[in-house]
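Q: Take me through the salt bridges in this one, please, pair by pair. I'd like to know where the partners sit and how covered they are, and then how that fits with the rest of the fold.

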Amino acid sequence: MPLPKPRFGKADFWGPGGKEQVGALLTEARDQQVELLTRLRRQVLGRLAPELVRFTLAWADERRRAGRLHFHDLLVLARDVLWRDAEVRRALARRWSVLVIDEFQDTDPLQVELVFALAAADPDHLPARWEDIELGAGRVLVVGDPKQSIYGFRGADITLWNRTRERFDGGVVSLVQNFRSVDTILEWVNEVFDTLIGEGQGDVQPSYA
């Protein structure tokens with residue numbers, strides 16, 4: 001990462017070529033610093049990550065054996081039994097003909113795997129990835145607004161909105177009638193946020209609608 005060249009002081013004060021020389025030395029020092037820190041980070045993460053994996057799995061197993069499951073544990077175990085047991089999938093497919101999911105913008109990857117396994121056109125056979133599952137016609141209805149996605153800290157992935165919306169046969173229907181406010185407020189909100197959010201920022205911020 002090059003440093004900006006010094007801009008203050010007269011050339012006479014630095015001496016012949018002194019200003020450029022100091023700038024070059026500072027840039028070299030910064031490059032060496034970045035290289036050293038990058039190497040140290042890799043070494044630390046290389047030793048820390050496996051320990052974190054072992055600790056996380058051991059703690060999850062301890063909770064399971066003690067019967068003290070967390071919300072995330074329930075998601076993992078439900079996902080695992082659905083993907084492992086075709087008989088369970090068949091029984092739930094007979095029981096639930098349609099899945100209605102609210103606040104879909106806060107869905108995390110585990111929950112998406114649950115949805116697609118429950119709504120598969122062929123519950124007897126699942127491919128290796130949820131992205132490859134063919135959904136049963138009319139099996140899933142989701143309601144959500146990607147602009148309201150606030151659960152990233154809990155694993156919700158806003159990119160799933162874009163990855164899953166094309167999989168639903170009925171497409172996307174916009175609800176544009178508002179019964180909670182008046183025209184003057186709505187006009188102001190639309191004008192302001194259309195300017196602030198606009199076309200969005202790819203997978204980080206959806207466009208304003």
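A: First, the term: a salt bridge here is a side-chain nitrogen of Lys or Arg within 4 Å of a carboxyl oxygen of Asp or Glu. The idea behind it is that side chains of opposite charge can pair when their charged atoms come close. Bear in mind that you're looking at a predicted model. By that cut-off, the structure holds ten salt bridges.

Some context before the pairs. The protein has 209 residues, 24% of which count as buried. Its seven helices and two strands run in the order α-α-α-α-β-α-β-α-α along the sequence.

Let's begin in helix α2, where E51 pairs with R54 and the closest N and O atoms are 2.3 Å apart. Both partners belong to that helix, three residues from each other, or about one turn. How covered are they? E51 comes out at 44% relative accessibility, so it counts as partly exposed. R54 gets the partly exposed label too, at 48%.

Next comes a pair that reaches across the sequence: the side chains of R163 and E131 meet with 2.9 Å from N to O. R163 belongs to helix α6 (residues 159–165), while E131 is in the loop between α5 and β2 (140–142), so this bridge ties together parts that are 32 residues apart in sequence. R163 is partly exposed because its relative accessibility is 40%. E131 is partly exposed as well, with a relative accessible area of 27%.

D145 and K147 make another bridge, with 3.1 Å between the closest N and O atoms. Buried or partly exposed: which is D145? The cut-off for buried is under 20% relative accessible area, and D145, at 19%, is buried. Its partner K147 has a relative accessible area of 28%, which means partly exposed.

There's a network to look at as well: salt bridges link D61, R64 and R65.

Now for the nonpolar side of things. Helix α2 spans residues 18–66, and L48 is part of it. L48 joins V44, L45 and L52 in a nonpolar surface patch of about 370 Å². L48 has a relative accessible area of 41%, so it is partly exposed. Patch residues need over 30% relative accessible area and no salt bridge, which L48 meets on area with its 41%.

If you want to see charged and nonpolar residues together, try the second largest pocket, with its volume of about 180 Å³. Its lining consists of 13 residues, and V100, I101, T107, Q111 and V115 lie nearest the centre. Two elements give two or more residues to that lining, β1 (99–101) and α5 (109–118). The biggest share is from α5, with four residues. What classes make up the lining? Seven of the residues are nonpolar, two are polar and four are charged.

To pull the pairs together: E51 and R54 are neighbours about one turn apart in α2, whereas R163 and E131 tie a helix to a loop. D145, for its part, is a buried partner bridged to K147.

Terms used
Residues numbered from 1 in each chain as written. Predicted model: local features only at pLDDT ≥ 70, side-chain atom pairs only at ≥ 80, totals over all residues. Heavy atoms only, no water. 1 Å grid on protein atoms, 1.4 Å probe; cavity = no way out; pocket = protein on both sides within 12 Å on 5 of 7 lines; lining within 4 Å. Points joined across faces, edges and corners; volume = space filled by probe spheres on them. Nonpolar A, V, L, I, M, F, W, Y, C, P; charged D, E, K, R; others polar. Patch = residues over 30% accessible without salt bridge, like charges linked within 9 Å, V, L, I, M, F, W, Y side chains within 5 Å. Areas by Shrake-Rupley, 256 points an atom, 1.4 Å probe, with all protein chains shown as cover. Buried < 20%, exposed > 50% of the residue type's maximum accessible area, 1.4 Å probe, protein only.
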